[in-house]
Amino acid sequence: MSILINQDTELMIIGITGKQGRTHCMRTLESGAKLLAGVAPGKGGQKVEGVPVFETVAEAKIKFPGIESAMLLVPPKFVKDAAMRALHEGIKLLVIITEFVPVLDVLEIVNEAKILGAKVVGPNTIGIISPGKSKLGIMPDYIYGKGHIGIISRSGTLTHETASNLTFKGFGLSTCVGIGGDSIIGMNHADILELFAKDDETDAIVIIGEIGGTSEEMAAAKIKELGMKKPVYAYIAGMYAPENKRMGHAGAIVSGGMGTVKSKVAALEDAGVTVCPTLGKIVECIDEYNIHTDGRLKTLAPQID
């Protein structure tokens, strides 16, 4: 079992004929994921790496009715229209990789998804990976070992570093979800935590956050609400960021004393989370926890050569 995607998940890429679409089509296929179709208006009938291209999501679903998950790789100005069409044509899990999507467009997309009972991950995300099973994202899957640790992160780079650190040490991941770094996103830390709490293959959870917004505080509240039994570890980036200055992500801005590292750390620690001062410390803490268990966290994770 994993969350959001698994080995049976059938996928499509919207925007498959663009430069990024073609690159990540190839990498998705190499990962072993079940990428069955691509969508690109005006390019129907073509193939990319052997994957058939359709004019619309609706046409793709006629051929492959089981597809309900899609990765969106189109320029920012086309995201709203492409996302709305995908949601109304039956996509239930939409991962929006694109950065710089207008805030109002994201609000409309997320609200429409809620009405239709669909899930949106992103925008400005690396996507989702369940190592050894499936990938609906743009991460290099070879640094994501298979195992029992779930990761929820606002930062793609920090996700890669944490995944590679854990995998190198012999641990592995059940599912990693990049929720995106924008101020308005679809699923947040709390939403993913709720899924991990029910996942039999996830024995420990890592939260990677940063300054700005309230996603981490919401995660803390969710942990209390769930009475979370699984150990949760966290790292919050931005300790020395100045106020009222955006740091990297659109959502990484501290204003009026809100969204600070201090406020997030306090909320998480109050919920029983082990907050680590560095990414490397996460590995040390998990290694110590693993010693006092049956060692299951290491049973499925290959080490990187």
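Tutor: Let's start with a term: a patch is made of residues with over 30% relative accessible area and no salt bridge (a side-chain nitrogen of Lys or Arg within 4 Å of a carboxyl oxygen of Asp or Glu), with nonpolar side chains (Val, Leu, Ile, Met, Phe, Trp, Tyr) joined within 5 Å and like charges within 9 Å. This is a predicted model, where local features need pLDDT of at least 70, side-chain atom pairs count only at pLDDT 80 or more, and totals for chains, interfaces and linings use all residues. Residues are numbered from 1 along each chain as its sequence is written, and side-chain values use heavy atoms, leaving out hydrogens and water.

Student: Which residues form the nonpolar patch on the surface?

Tutor: Val 103, Leu 104 and Leu 107, with about 260 Å² of accessible area together (Shrake-Rupley method, 1.4 Å probe, only the protein chains shown counting as cover).

Student: Why does Leu 104 count as exposed?

Tutor: Exposed means over 50% relative accessible area, buried under 20%, partly exposed in between (1.4 Å probe, protein chains only). Leu 104 has 61% relative accessibility, so it counts as exposed.

Student: Which residues of helix 6 are buried?

Tutor: His 189, Ala 190, Ile 192, Leu 193 and Phe 196. A helix here is a DSSP run (H or I, at least four residues; strands are E, at least two), numbered from the N terminus.

Student: What puts them on the same side of helix 6?

Tutor: They cover an arc of only 160° around the axis, taken from the directions from the helix axis to the C-beta atoms, so they sit on the same side.

Student: And what covers them?

Tutor: The cover includes strand 10, strand 11, strand 12 and helix 7.

Technical notes
Contact = heavy atoms within 4.5 Å.
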